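Work through the exercises below with the sequence and the 3D structure open. Each task is followed by a solution in steps.

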Amino acid sequence: MSGVDFLEKLLDGAEVEWKPLGEVTTLRRGRVMSKEYLADNAGDYPVYSSQTANNGEIGNIDTFDFDGEYISWTTDGANAGTIFYRKGKFSITNVCGLISINNEKKLNYKFLFYWLTIEAQKHVYSGMGNPKLMSHQVEKIPVPIPCPENTEKSLEIQAEIVRILDSFTELTAELTAELTARKKQYNYYRNQLLNFEEGEVEWKPLGEVFDIFAGGDKPKDAFSEEETEEFDVPILSNGIGIKSLYGWTNIPRVTKPSLTVSARGTIGWTSYRDRPFFPIIRLIVLTPKVRLNTKYAYYYMKTIENSYPVPPAGIPQLTKPMIENVQFPVPYANDPDKSLAEQARIVAILDKFDALTHSLTEGLPREIELRQQQYAYYRDLLLSFPKPDEATA
């Protein structure tokens with residue numbers, strides 16, 4: 001069934017009226033609140049700002065500006081146009097806008113929230129390199145009101161759409177909570193397995209176990225922004241995941257399994273590299289120079305990636321001299337075969353947790369990704385109301 005057919009069945013012949021958001025709601029802005037203000041007035045009521053992490057919450061104070069059901073949006077910056085559903089007692093900062101419905105007998109907050117998650121981004125203005133979605137732009141956003149002549153039926157239609165979409169968001173939230181719990185469990189077991197008692201391991205400087213070197217300039221005559229048959233060796237710099245990929249070359253500077261550590265930005269972030277690559281600036285490479293399970297080394301290095309001795313002054317960065325004396329645990333150092341067997345045992349356990357919590361094709365992350373795709377599909381399908389020009393075409 002197409003989106004139009006689905007909606008036609010839901011609407012059951014009812015018309016859809018389009019109204020500018022400014023006609024059916026009241027818009028307002030938040031107020032300036034500094035870090036010092038938040039610290040001096042700490043309390044129980046959340047303050048929301050322009051960020052998207054932690055649902056936009058930046059702190060808690062002892063008073064509140066709003067109490068009830070609202071929708072907020074981010075007005076400035078990279079997250080401009082991000083929409084949030086708010087309920088309860090809270091405050092917002094000056095880089096947030098707030099929407100209150102004028103007549104709740106005609107419009108459902110959650111229905112409006114879901115609609116704006118689709119529509120608001122279309123109205124963000126990115127001129128001068130600073131994305132904005134100000135009140136004068138928001139008030140022009142068209143809002144569909146199904147069955148406007150029958151408010152009871154209109155709210156029933158809106159509520160049914162909300163019920164379906166809520167079921168997807170609730171399932172995703174449950175899966176995300178489960179993933180968070182699994183990550184905590186994974187970190188617990190990783191730390192337990194790699195927290196050695198005195199005498200269980202021999203501690204050696206990283207410089208004794210690894211060849212350590214810093215990345216340099218990118219290859220000048222063998223570079224491609226995209227992977228091709230000729231250029232299939234990734235050029236890597238600092239960053240997490242895909243953000244560490246700078247480009248492609250045909251010169252594999254590192255050819256055996258190694259570790260990379262970000263020297264700038266996400267300082268200390270450790271990655272396991274099991275394919276040839278070419279490291280460039282802001283990246284430190286650790287290649288084993290003794291018999292060692294590189295994956296075991298990776299898991300241990302993840303437990304210390306936030307503890308490197310980075311100087312507080314100047315530009316924060318990590319250098320080879322800062323890490324080559326960091327101590328690394330080698331189990332059964334006098335028996336290489338037994339040492340490798342113990343390393344492999346630890347790796348096998350942690351690989352199972354890692355696959356469950358981090359893999360894009362296995363476990364909960366994949367399930368969450370599928371549910372998010374399903375939610376987006378049904379959201380767009382349920383909210384694909386015919387525009388006035390489409391209805392008369």
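Two strands count as paired here if DSSP finds at least two bridges between them. The model is a predicted one.

**Exercise 1. The sheet of 6 strands**

Task: Give the strand order of the open sheet of 6 strands, and state which strands stand at its edges.

Solution.
Step 1. Reading across the open sheet of 6 strands gives the order β2-β7-β5-β6-β3-β4, and the pairing is mixed.
Step 2. β2 (25-29) and β4 (57-61) each have a single partner strand, so they stand at the edges and one side of each has no neighbour in the sheet.
Step 3. From one strand to the next, the twist averages 35 degrees.

**Exercise 2. The partners of β5**

Task: In which sense does β5 pair with β7, and over how many bridges? Do the count for β5 and β6 as well.

Solution.
Step 1. Strands in a sheet are held together by backbone hydrogen bonds, in either a parallel or an antiparallel arrangement.
Step 2. β5 (residues 66-74) and β7 (residues 96-101) are antiparallel, with 4 bridges.
Step 3. Find Thr74, whose bridge partner in β7 is Cys96. Ile71 stands opposite Ile99 of β7.
Step 4. For β5 and β6 the sense is antiparallel and the pairing spans 8 bridges. Phe66 has Phe90 in β6 as its bridge partner.

**Exercise 3. Helix α4 and what it touches**

Task: Which strands does α4 touch, and at what angle does α4 pack with α6?

Solution.
Step 1. Helix α4 (residues 109-119) packs on the sheet of Exercise 1, in contact with β2, β5, β6 (83-92) and β7. The directions of α4 and β6 make about 130 degrees.
Step 2. α4 and α6 pack at about 65 degrees, and their axes are 9 Å apart. The crossing of α4 past α6 is left-handed.
Step 3. On the α4 side, the residues in this contact are Lys110, Phe111 and Tyr114. They meet Gln158, Ile161, Val162, Leu165, Asp166 and Thr169 of α6.
Step 4. Sorted by class, the contact of α4 with α6 holds 5 nonpolar, 2 polar and 2 charged residues.

**Exercise 4. The sheet of 4 strands**

Task: Give the strand order of the open sheet of 4 strands, and name the strands that α8 lies across.

Solution.
Step 1. The order is β10-β16-β13-β14, with antiparallel pairing.
Step 2. β10 (210-214) and β14 are the edge strands, each pairing on one side only. The twist averages 25 degrees from one strand to the next.
Step 3. β10 and β16 (residues 283-288) run antiparallel and are joined by 5 bridges. One pair to locate is Phe213 with its bridge partner in β16, Val285.
Step 4. α8 lies across β10, β13 (258-262), β14 and β16, and runs at about 170 degrees to β14.

**Exercise 5. The two pockets**

Task: What is the volume of the largest pocket, and what is that of the second largest? Describe the lining of each by element and by class.

Solution.
Step 1. The largest pocket holds about 970 Å³ of space. Of its 30 lining residues, Gly241, Ser271, Tyr272, Arg273 and Tyr298 are the closest to the centre.
Step 2. At least two lining residues of the largest pocket come from each of α6 (151-193), β11 (233-236), β12 (245-249), β14 (270-273), α8 (294-303) and α10 (336-358).
Step 3. The lining of the largest pocket divides into 13 nonpolar, 7 polar and 10 charged residues.
Step 4. The second largest pocket has a volume of about 210 Å³. Of the 14 residues that line the second largest pocket, Glu17, Lys19, Val24, Lys106 and Ile145 are the closest to its centre.
Step 5. β1 (16-20), α2 (21-24) and α6 give two or more residues to the lining of the second largest pocket. By class, that lining has 6 nonpolar, 4 polar and 4 charged residues.

Terms used: Residues numbered from 1 in each chain as written. Predicted model: local features only at pLDDT ≥ 70, side-chain atom pairs only at ≥ 80, totals over all residues. Heavy atoms only, no water. Axes fitted to C-alpha atoms, helices over the stretch in contact; angles between N-to-C directions. Contact = heavy atoms within 4.5 Å. 1 Å grid on protein atoms, 1.4 Å probe; cavity = no way out; pocket = protein on both sides within 12 Å on 5 of 7 lines; lining within 4 Å. Points joined across faces, edges and corners; volume = space filled by probe spheres on them. Nonpolar A, V, L, I, M, F, W, Y, C, P; charged D, E, K, R; others polar. Left-handed = near helix turned anticlockwise from the far one by under 90°.
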